[in-house]
2 protein chains.
Amino acid sequence: MAKLLSLLIGLLLPLTIHAQAALAAESSAVVDPLPSWNEGAAKQAIGEFVAKVIKPDSPDFVPISKRIAVFDNDGTLWGEQPMSFQFLFALDRVKALAPQHPEWKTKEPFASLLQGDVKGALLGGNRAMLEIVMATHAGMTTEEFEKIVTDWITTARHPKTGRLYTELVYQPMVQLLAYLRANGFKTFIVDGGGIEFMRPWMERVYGIPPEQVVGSSIKTKFELRAGTPVLVRLRELNFVDDKAAKPVGIHLHIGRRPIAAFGNSDGDLQMLQWTTAGSGERFGLLVHHTDAEREWAYDRKSSIGKLDKAWDEAKTKNWTVVDMKTDWKNMFAFEP
Amino acid sequence: MAKLLSLLIGLLLPLTIHAQAALAAESSAVVDPLPSWNEGAAKQAIGEFVAKVIKPDSPDFVPISKRIAVFDNDGTLWGEQPMSFQFLFALDRVKALAPQHPEWKTKEPFASLLQGDVKGALLGGNRAMLEIVMATHAGMTTEEFEKIVTDWITTARHPKTGRLYTELVYQPMVQLLAYLRANGFKTFIVDGGGIEFMRPWMERVYGIPPEQVVGSSIKTKFELRAGTPVLVRLRELNFVDDKAAKPVGIHLHIGRRPIAAFGNSDGDLQMLQWTTAGSGERFGLLVHHTDAEREWAYDRKSSIGKLDKAWDEAKTKNWTVVDMKTDWKNMFAFEP
């Protein structure tokens with residue numbers, strides 16, 4: 001009986017997976033898996049790519065184990081204005097920690113920050129930025145940091161919109177993640193943000209588990225504290241997962257080349273180059289921020305999320321460029 | 001119709017997964033999932049742990065997403081004598097590359113190696129070892145290195161046994177990997193070996209995909225060569241995944257604490273400490289090399305795979321210690 005049941009399950013599991021894939025292809029006209037996308041070139045390109053790689057008798061068929069898709073986060077899956085949300089987290093942490101650091105009142109970049117002068121604080125360039133990051137991200141155990149991030153992400157509000165930061169995730173992209181997974185893709189984050197800043201909430205918000213998040217990191221150190229093992233976050237950079245380092249991060253964590261990559265800025269250029277240069281059917285997509293009304297409009301001249309070289313290359317390499325204003329019917333879940 | 005089918009699949013998939021789990025628990029008396037293990041304390045401890053964490057109404061129940069199991073490779077899943085198989089790979093590479101390096105005839109550690117004197121070559125200590133590793137593992141693209149490893153692992157033979165190295169994987173452990181996965185576990189490698197030396201063959205041999213392999217690494221660099229992106233392997237260490245660094249590697253790649261860890265030496269001590277110190281039901285296991293006839297016998301005094309401190313700690317922390325001679329009915333697939 002048990003053996004029969006085992007056999008039955010062995011038969012059923014692959015069947016249901018195949019049926020799901022077939023269903024996704026067949027039913028797109030019936031139940032739209034991307035309802036927040038307007039009909040247009042971008043939506044069509046996505047659908048055509050997926051249809052090609054999942055069809056077992058297609059010359060472009062890709063087995064499930066190789067259906068790897070990588071997504072930038074800042075500006076691709078959620079907003080990044082007026083500055084990266086992780087930097088806003090760091091600013092909130094500086095305020096929260098200030099009572100324990102009376103010396104910050106006269107020490108830059110903290111003195112300016114505590115007076116609300118972010119521009120002044122950042123006059124110190126990369127060194128100032130690094131000091132802010134280390135003061136707020138290092139010096140605690142990994143479990144303590146996870147709790148700090150979780151508390152912040154579930155309560156802190158974006159300065160301009162008054163929304164929780166996780167309310168500022170783009171619904172069309174959340175649907176795209178789910179659509180790819182329903183078609184056998186494994187979805188990964190590959191972002192310049194801190195890996196430990198992203199992991200605590202991404203499974204809940206994007207359906208992406210911690211082991212599928214690639215990001216920047218600081219070094220950690222194993223210690224026994226009164227016999228209890230902890231990992232301590234050190235004031236030392238380990239990896240900055242941006243630009244030419246994105247393919248490096250992909251290779252180190254995933255170990256195989258993705259077949260689809262999604263980004264929004266020049267920081268994603270090499271990730272798209274690496275992904276689309278592989279053999280067989282490939283897909284590259286850039287989100288272009290064109291909607292100043294529902295969100296922000298910026299590209300070639302922006303200091304945050306600059307889209308310039310990657311945009312030019314998208315044209316020559318036939319990558320899909322999403323016009324957020326016209327391609328996205330709904331942007332946020334809270335819209336009426 | 002499509003909607004109905006979708007609903008049906010949505011209902012069926014979780015059912016089959018639960019049924020699988022229930023089945024694995026119920027049917028162990030009927031179809032033994034670990035046929036190469038003799039009945040005894042080790043096999044019983046494994047079965048009891050799995051039964052506890054998969055039973056939905058058990059106080060020790062662990063949801064599937066948190067069923068993370070980590071395995072050391074050298075000495076735990078395959079042999080490691082007379083020296084680590086990756087070092088034997090490096091020696092083969094030195095021989096293959098020697099014609100391109102006439103200077104090696106008089107340059108240590110290569111001169112000794114080329115005369116078959118490994119001990120002499122290693123008189124240079126860590127520096128000699130590092131030179132051998134870099135000369136054989138760096139200077140090519142990641143794709144070129146993958147091909148070199150794949151060619152070697154499918155043809156090279158172990159000096160003492162004459163077997164392919166992948167024939168020297170322990171059948172009881174391969175069954176254990178499959179048994180855990182059948183019960184909803186995600187299985188990871190966490191080994192001191194090179195991550196890119198392990199990935200090319202582990203999916204085929206262990207059923208573990210590249211993104212679930214954690215190991216030591218050298219740095220890589222993204223480059224465009226005549227417009228084609230490549231990752232070049234540099235002569236610079238990135239991470240040594242051994243001892244106190246194993247929990248660091250686990251945290252960086254997996255991002256959550258495993259609930260079960262499997263090793264064989266003091267190099268795995270901190271991985272077992274980190275894994276078993278978490279809350280809820282935990283499992284730690286050490287493979288003790290006791291069988292000089294079918295394999296090799298070594299422990300406290302061995303220079304390779306030394307099992308000393310971890311063995312002592314296993315006794316106080318109630319970790320399972322496998323006696324390979326008595327606990328394993330079959331060791332290798334080629335045995336009669």
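I started with B:Phe85 in this predicted model. Its relative accessibility comes out at 0%, so B:Phe85 goes down as buried. B:Trp78 is buried too, likewise with a relative accessible area of 0%.

Next I searched the whole structure for aromatic pairs and got 36 over all chains. B:Trp78 and B:Phe85 make one of these pairs, edge-to-face, with 4.8 Å centre to centre and 65° between the planes. Then I looked up B:Trp104 and B:Phe110: their ring centres are 4.2 Å apart and the planes sit at 10°, so I noted this pair as stacked. B:Trp104 and B:Phe110 are both buried.

Over in chain A, I found one aromatic cluster whose members include A:Trp78, A:Phe85, A:Phe145, A:Trp152 and A:Tyr206. A:Phe145 also has A:Arg233 over its face, 3.9 Å from the ring centre. Chain B gave me another arginine over a ring: B:Arg257 lies over the face of B:Trp274, at 3.7 Å from the ring centre.

Last stop was helix H8 of chain B, residues 171-182. I checked its length: twelve residues at 1.5 Å a residue should span 16 Å, and the end C-alpha atoms are 16 Å apart, which agrees. Which residues of H8(B) are buried? I listed B:Gln171, B:Pro172, B:Met173, B:Gln175, B:Leu176, B:Leu177, B:Tyr179 and B:Leu180. I then asked what covers them; among the elements of chain B that do are helix H2 (41-54), helix H9 (195-206), strand E2 (186-194) and strand E6 (283-290). After H8(B) comes B:Gly184, and I noted its positive phi, near 85°.

Technical notes:
Residues numbered from 1 in each chain as written. Chains lettered and ligands numbered in written order. Predicted model: local features only at pLDDT ≥ 70, side-chain atom pairs only at ≥ 80, totals over all residues. Heavy atoms only, no water. Phe/Tyr/Trp six-rings, centres within 6.5 Å; stacked < 30°, edge-to-face > 60°. Buried < 20%, exposed > 50% of the residue type's maximum accessible area, 1.4 Å probe, protein only. Lys NZ or Arg CZ within 6 Å of the ring centre and 35° of its normal. Helix = DSSP H or I, 4+ residues; strand = E, 2+ residues; numbered from the N terminus. Expected span 1.5 Å × (residues − 1). Contact = heavy atoms within 4.5 Å.
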